[in-house]
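Student: Could we go through this one term by term? I'd like to know what stands behind each label.

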Amino acid sequence: MFTAFLIKYAEIGVKGKNRYLFEEALVHQIKYVLKRCEGGFKVTRTDGRIYIHALSEFDYDEVVENLKTVFGVSGICPVIHVPDEGFDKLSATVVDYIDKVYEDKNITFKVNARRARKNYPMNSMEINRELGGVLLESYPEMKVDVHHPDVMLYVEIREKIYIYSIEIPGPGGMPVGSNGKAMLLLSGGIDSPVAGYMIAKRGVKIDAVYFHAPPYTSDRAKQKVIDLARLVSRYAGPVYLHIINFTEIQLYIYEKCPHEELTIIMRRYMMRIAERIARENECLGLITGESIGQVASQTVQSLAVTNEVCTLPVFRPLIGFDKMEIVDVSERIGTYETSILPFEDCCTIFVAKHPVTKPNLKVIRRHEEYLSEKIDKLVQQAIDTDEVVIARW
Amino acid sequence: MEVYLDNSATTRCFDEVAALMTQIMCEDYGNPSSLHRKGVQAEKYIRYAKDVIARNLKVNEKEIFFTSGGTESDNLALRGCAYANCRMGRHLITTQIEHPAVLQTMKHLEEEGFRVTYLPVDEKGCIRLEDLERAVTGETILVSIMHTNNEVGSMQPIAEAGRAIKRINPRILFHVDAVQGYGKFRIYPKKMQIDLLSVSGHKIHGPKGSGFLYIDEKVKIHPILFGGGQQNGIRSGTENVPAIAGLAKAVELVYRDLDREVEKLYHIKRIFVEGVSKIDHVTVNGHPDETGAPHVVSVSIQGVRSEVLLHALEDKGIYVSAGSACSARKPQPSATLRAMGISQDLLGSTIRFSFSIFTTIEEINYTLQTMYDIIPMLRKYTRR
């Protein structure tokens, strides 16, 4: 029955002169997800609102599910729009609308009319009053409540008349592409896809890097990360996933450095490589799924030591999250099931029984000097053999 | 060089099988239940397939029922017989080293109120007849024992077990999961007192999704799938004609020159076992000689994690399994190896090599040489 959607966006509304940039990015993202849906649509931007008009038959649930993945959308209102054929016709339409949308008529309501077209013969107050009366007459169980109605029935008089009362919450945030691009370190665990999701939610486009260590990690582990990138791309748009062969570097560190420091030194090299790939691909920051104290390499001391190798800002959106909170988000966005598939990632394979939890930067730097003979070459080689997979939903 | 040594997981389809199936799918695609000529034509393939298999087992063709493969055959045999015969008793016997298709079905039957005895195995992976005889009770209705183990290649004393069971009580049904043994050995159910025999097509160079269950005509069994009543109502569903014809073709080809092929496999196994034994701290599990299956060698390599070795071999074009392919997705170590008493540190270091009639000596030598090269390197970088 619905013929259009009104898209509400919260945060963009407070922007200043560059507001149109955000709105354009949002329209772009909406058009992008609608391509996945059956049917044709027209997306228009008028008077600080975005309307989606269906040009053909469409699958309502499919459209709503997809719109719920567009950051920047705070609410999705399914709308019916009808030509202005006089107040009697409008009354009949509204009565019919209520009948179809609310099976149980035991509800309180308020009519909220707006006239964008001021030449309509009645003013807003009159419309409210008259339509309210018609509804009370048609459905005696319904009651008016002007302060806290169960149903707020919006009637907007424009070229055509728009009627809506439902607002489905969107994901909020800002449209992807309105805030630059950053490089996500994607491991295959639970946290990093969530971190990517959260930064994408702030409008940042995502590229990703995965450190692959064959034969210690399998092609299935790699496929799992590709699958995760694809799940993130559902919200973040196409993700360019850089797959770096990390085996040689890992083995070299393993050979030369104290075993308890393996993970921390390894992570420093991951950050270094990620930063170089980020710069080559116009990314302005790095994203990790780290959360303080979760594992040895994520103590404040360890984070400080890993962070030291980068000059790009490192975004750690999960830094203050508990594991359960992260799991909740990952279940909600649909990455959890893939994340827990039992394949080794390269961080777990050589882990020492008791890795350092309070690394000393000076010591770590001194031990990294043991690598000076070959490490630059190995890093360069890893970057040169970078394999790029484009993950898209 | 590409070397496929994971033939216990699945095998390469014979070209003749693939060609025949293509022809059936594109030309003789009728439904065997249809009354017109196209249906009759399709039915002919099924009749022919039954004939080939029945002759091969020396049984009546009415006793062959086509299924989707080993798992379905096992399910039909166990659940079908358990439900049909539960008035005679509710006790079942199997072994600890069965394939999950049997073990999980047994677990399910336990939930349904059946009692199941799981026979232990010795360090070579074989059951002891005394254990079997002792396990049989007046309540026992069915015994299920695999012919050849999929993880270590140990062969069970099927004929002796059949004799022992029937001596105690001829009414006890004997099911044999021969998914790994069929196509390597001649199996004659009537002589070995086997009442039900499960076979899968894709382990003998036939198509995936094909298989059969031999059911002795005296066996009382209930269907587990209901529908159009095909195959005497025991297995409803339109017969998968291309798969059935492909399966029969594979049976013909595999058994055409069986003795020579099996001798060739044992020759390959000997060379491989000899070669692999030259590596330090390596154990060959089960029977390294001709008392075990000709196509499976399970090797424990101390100090090397099986997954890592698997991927390192993969990198050189050699495809093997860690434990068995069906359980490699789950992180817990194999039940078979544990039942055999393999020590804890070797459980995660066990690799299965499995050969087929396409395997060559050259491939084996390449595999051995590769192992000589990479195992010392992998041992250098193990968890310390």
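Tutor: Sure, starting with chain A: the centres of its domain 1 and domain 2, taken over C-alpha atoms, are 44 Å apart. This is a predicted model, where local features need pLDDT of at least 70, side-chain atom pairs count only at pLDDT 80 or more, and totals for chains, interfaces and linings use all residues. Residues are numbered from 1 along each chain as its sequence is written, while chains are lettered from A and ligands numbered from 1 in the order in which they are written.

Student: What makes these stretches of chain A domains, and where do they run?

Tutor: The bounds come from an automatic or database domain assignment. For chain A that assignment gives 4-169 as domain 1 and 181-391 as domain 2.

Student: And how is chain B divided?

Tutor: Domain 1 of chain B comes in two pieces, 3-11 + 257-380, with 15-256 as domain 2. Their C-alpha centres are separated by 27 Å.

Student: How many residues of the two domains of chain B are in contact, and what makes it a contact?

Tutor: Two residues count if their C-beta atoms, placed from the backbone, lie within 7 Å. By that test, 27 residues of domain 1 of chain B touch 26 of domain 2 of chain B. On the domain 1 side, H11(B) gives the largest share, four residues.

Student: What is the make-up of that side by class?

Tutor: Eleven nonpolar, 14 polar and two charged residues. Here Ala, Val, Leu, Ile, Met, Phe, Trp, Tyr, Cys and Pro are nonpolar, Asp, Glu, Lys and Arg are charged, and the others, Gly among them, are polar. Between the chains, the contact takes nine residues from chain A and ten from chain B, and the chain A side has seven nonpolar, two polar and no charged residues.

Student: How do you know that E10 and E11 of chain A pair?

Tutor: Strands (E, at least two residues) and helices (H or I, at least four) are DSSP runs, numbered from the N terminus. Pairing needs at least two bridges found by DSSP. E10 (181-185) and E11 (205-212) of chain A have five and run parallel, so they qualify as a pair. One bridge sets A:Met183 against A:Asp207 in E11(A).

Student: Why are E14 and E15 of chain A said to stand at the edges?

Tutor: Their open sheet has the order E14-E13-E10-E11-E12-E15. E14 (314-315) and E15 (387-391) each have a single partner strand, so one side of each is left without a neighbour in the sheet.

Student: At what angle does H5 of chain A run to E10(A)?

Tutor: About 170°. Axes are lines fitted to C-alpha atoms, for helices over the stretch in contact, and angles run from 0 to 180 degrees between N-to-C directions. H5 (191-201) of chain A lies across E10, E11, E13 and E14 of chain A.

Student: What makes a set of residues a nonpolar core?

Tutor: The members are buried Ala, Val, Leu, Ile, Met, Phe, Trp, Tyr and Cys residues joined through C-beta atoms within 7 Å. Buried takes 20 or more other C-beta atoms within 10 Å of a residue's own (exposed is 12 or fewer, partly exposed in between, with C-beta atoms placed from the backbone). The largest core has 204 residues, and A:Met183 and B:Ile244 are among those touching the most other members. Helix H8 (262-280) of chain A gives the most to this core, ten residues.

Student: Which residues does A:Met183 touch?

Tutor: Leaving out those up to four places away in sequence, they include A:Ala208, A:Ala274, A:Leu286 and A:Asp207. That last one is also its bridge partner in E11(A).
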